[in-house]
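Visitor: I am new to this structure and should like to learn how to read its pockets. May we go through them in turn?

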Amino acid sequence: MAYAPHNLVDVHAIDCDFLACSPYKFYGPHLGTLYGRRHLLEALDVPKLQPAPDNAPDRLETGTQNHEGIVGAAAAVDFLASLGEGTTRRARLISAFAQLHGEADRLGRRLWDGLGLINGVSRYGVDPDSPRTPTVSFTLAGVPAEQIARALAEQAVFVSHGDFYASTVVERLGFAAEGLVRVGCACYTTEQEVDRLLAGVAALTR
């Protein structure tokens, strides 16, 4: 679930049966996590090894658990909580998400508006007045996406290029061969880094 890193999810409030996500989306390890109502987990017809018990959640474990991944996932949650304030981890997470949303909106708009001022840049997606994450895909007329990424990397500005598993969308935009450039703001992104990116892209138009 890609929503989890951007909004604090309360499975009880949304009356959720199952919720899956990967902690790597919020700075954790590549690990799959699953929440499920106990009676539904115990009713699932899943393959399991003979020694595994019938009670949830242990019946879904087919071998030795990924203990280092589990610890890493918990550390990622604690890291996010450390960005906020409060007497409980939940309260700190609520505070952190509120702060991160405010900063993401500010930096995301700076990024979106700044790219829009550069001749030849085409931005894809809704503008910052609509609900969105601070991630922007763009192209620069006459300059392949890979060339943009390489040029920015030489200035220690690291971006991604390609289709990002959205191959049908990118193909319909006419960039199946070259892909798009994707940039975004994370919890550690600074205003100066956004400006360095914009300056690097602008320099490619000269």
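Guide: Certainly. Please bear in mind that this is a predicted model. Helix H3 (89-116), strand S4 (135-140), strand S6 (180-184) and helix H6 (191-203) each contribute at least two residues to the lining of the largest pocket.

Visitor: How is empty space found in a model?

Guide: Rolling a probe the size of a water molecule over the atoms reveals where empty space remains. In this model, the largest pocket holds about 1700 Å³ of space.

Visitor: Which residues lie nearest the centre of the largest pocket?

Guide: Pro134, Thr135, Gly184, Cys185 and Ala186 do, out of 47 residues that line the largest pocket. H3 gives the most to this lining, with 11 residues.

Visitor: How do the residues of that lining divide into nonpolar, polar and charged?

Guide: The lining of the largest pocket has 28 nonpolar, 11 polar and 8 charged residues.

Visitor: How much space lies in the second largest pocket?

Guide: The second largest pocket has about 1300 Å³ of space. It is lined by 36 residues, and Leu19, Cys21, Thr33, Leu34 and Tyr35 are the closest to its centre.

Visitor: Which helices and strands each supply at least two residues of the lining of the second largest pocket?

Guide: They are strand S1 (18-21), strand S2 (33-36), helix H1 (38-43), helix H2 (67-82) and H3. The largest share, 5 residues, comes from H2.

Visitor: And what is the division of residues in this second lining?

Guide: The lining of the second largest pocket comprises 23 nonpolar, 8 polar and 5 charged residues.

Terms used: Residues numbered from 1 in each chain as written. Predicted model: local features only at pLDDT ≥ 70, side-chain atom pairs only at ≥ 80, totals over all residues. Heavy atoms only, no water. 1 Å grid on protein atoms, 1.4 Å probe; cavity = no way out; pocket = protein on both sides within 12 Å on 5 of 7 lines; lining within 4 Å. Points joined across faces, edges and corners; volume = space filled by probe spheres on them. Helix = DSSP H or I, 4+ residues; strand = E, 2+ residues; numbered from the N terminus. Nonpolar A, V, L, I, M, F, W, Y, C, P; charged D, E, K, R; others polar.
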